[in-house]
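Please open the model in your viewer and keep the selection panel at hand. The tour goes from one selection to the next and says what is there at each stop.

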Amino acid sequence: MSHKKVAILISGGGSNMVALVDSMTGDHPARPCLVLSNDATAGGLQRAAERGIATAVVDHRPFKGDRAAFEEELVKPILDAGADIVCLAGFMRVLTDGFVSRFTGRMLNIHPSLLPLYKGLHTHARALEAGDAEHGCTVHEVTARLDDGPILGQARVPVLPGDTPDTLAARVLEQEHRLYPAVLRRFAAGDRSPVLLG
Ligand code: GRF
């Protein structure tokens with residue numbers, strides 16, 4: 001059986017990308033084929049290169065808000081790499097339906113909240129503001145609606161007294177690094193049943 005090829009899109013440090021790449025070994029049905037960033041200074045690019053993964057950069061800034069033109073360039077390295085699955089991992093650009101529809105049913109994202117709670121940004125501060133007793137992260141299939149789409153996995157963490165957005169984010173991030181690899185392994189094997197971690 002040949003492996004599913006996975007392209008991972010990042011914008012920053014790429015800790016989720018590293019967790020995914022390092023999980024794709026042995027009898028895992030997938031292998032990384034590309035790490036792609038919209039930011040040439042993304043720390044994850046170096047971490048991918050250290051792991052022997054092909055990298056590419058398509059800087060969004062020259063396109064000055066012309067999302068379609070940016071996405072026309074962004075999609076090229078993904079197609080050239082022959083990716084079967086696309087994983088957004090700390091990728092901070094909103095993608096239009098034009099791009100998303102090219103990967104219907106095979107593009108995943110991790111979002112740092114228990115969706116459908118707290119779509120968008122500043123999720124940890126919003127959970128604290130709301131006085132939630134627990135928080136967490138979600139892996140979902142990407143559709144045209146932001147942070148929407150079928151849920152493929154969730155991991156929960158307690159909110160603790162004295163938590164700040166940073167302490168809560170760090171606790172969630174630890175779970176992201178467990179959840180995303182578990183979901184990708186199951187998804188690459190053709191199983192969409194949700195992974196639910198405590
Ligand atoms: C993390 O806060 C994560 O919740 C979100 O993107 C941020 C950076 O992740 N998905 P990474 O370290 O670049 O993977």
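Helices (H or I, at least four residues) and strands (E, at least two) are DSSP runs, numbered from the N terminus. With that naming in hand, select P116, which is placed in the loop between β5 (107–111) and α5 (123–130). Add L115 to the selection and look at the bond between the two residues: L115 and P116 are joined by a cis peptide bond, with omega at about 10 degrees. Bear in mind throughout that this is a predicted model, and that the angles and distances quoted here belong to that model.

Next, move to the loop between β3 (55–57) and α3 (67–80), where K64 is found. The backbone of K64 deserves a look, since its phi is near 40 degrees, a positive value in a residue that is not glycine.

Now centre the view on the ligand, which sits in the largest pocket. To show its surroundings, select G13, G14, S15, N16, G90, I110, P112, L173 and E176, the residues around the ligand. By class, this shell is made up of three nonpolar residues, five polar ones and one charged one. Colouring by domain is a useful next step, as domain 1 (1–103) and domain 2 (109–198) each contribute at least three residues to the shell. If you colour by secondary structure instead, pick out α1 (15–23) and α6 (165–188), each of which supplies at least two of the shell residues.

With the shell still displayed, turn to individual atom pairs. Start at G14, where a polar backbone atom is 2.9 Å from an oxygen atom of the ligand. Continue to N16, which has a backbone N or O atom 2.8 Å from a ligand oxygen. Then select E176, where the contact involves the side chain: an N or O atom there lies 2.6 Å from an oxygen atom of the ligand. Finally, compute the surface of the ligand: taken alone, the ligand exposes 360 Å², and the protein buries 77% of that area.

Notes. Residues numbered from 1 in each chain as written. Predicted model: local features only at pLDDT ≥ 70, side-chain atom pairs only at ≥ 80, totals over all residues. Heavy atoms only, no water. Near = heavy atom within 4 Å. Polar contact = N/O pair within 3.5 Å; in protein donor to acceptor, adjacent residues only side chain to side chain. Areas by Shrake-Rupley, 256 points an atom, 1.4 Å probe, with all protein chains shown as cover. 1 Å grid on protein atoms, 1.4 Å probe; cavity = no way out; pocket = protein on both sides within 12 Å on 5 of 7 lines; lining within 4 Å. Sits in = over half its atoms within 2 Å of the grid points. Nonpolar A, V, L, I, M, F, W, Y, C, P; charged D, E, K, R; others polar. Domains from an automatic or database assignment.
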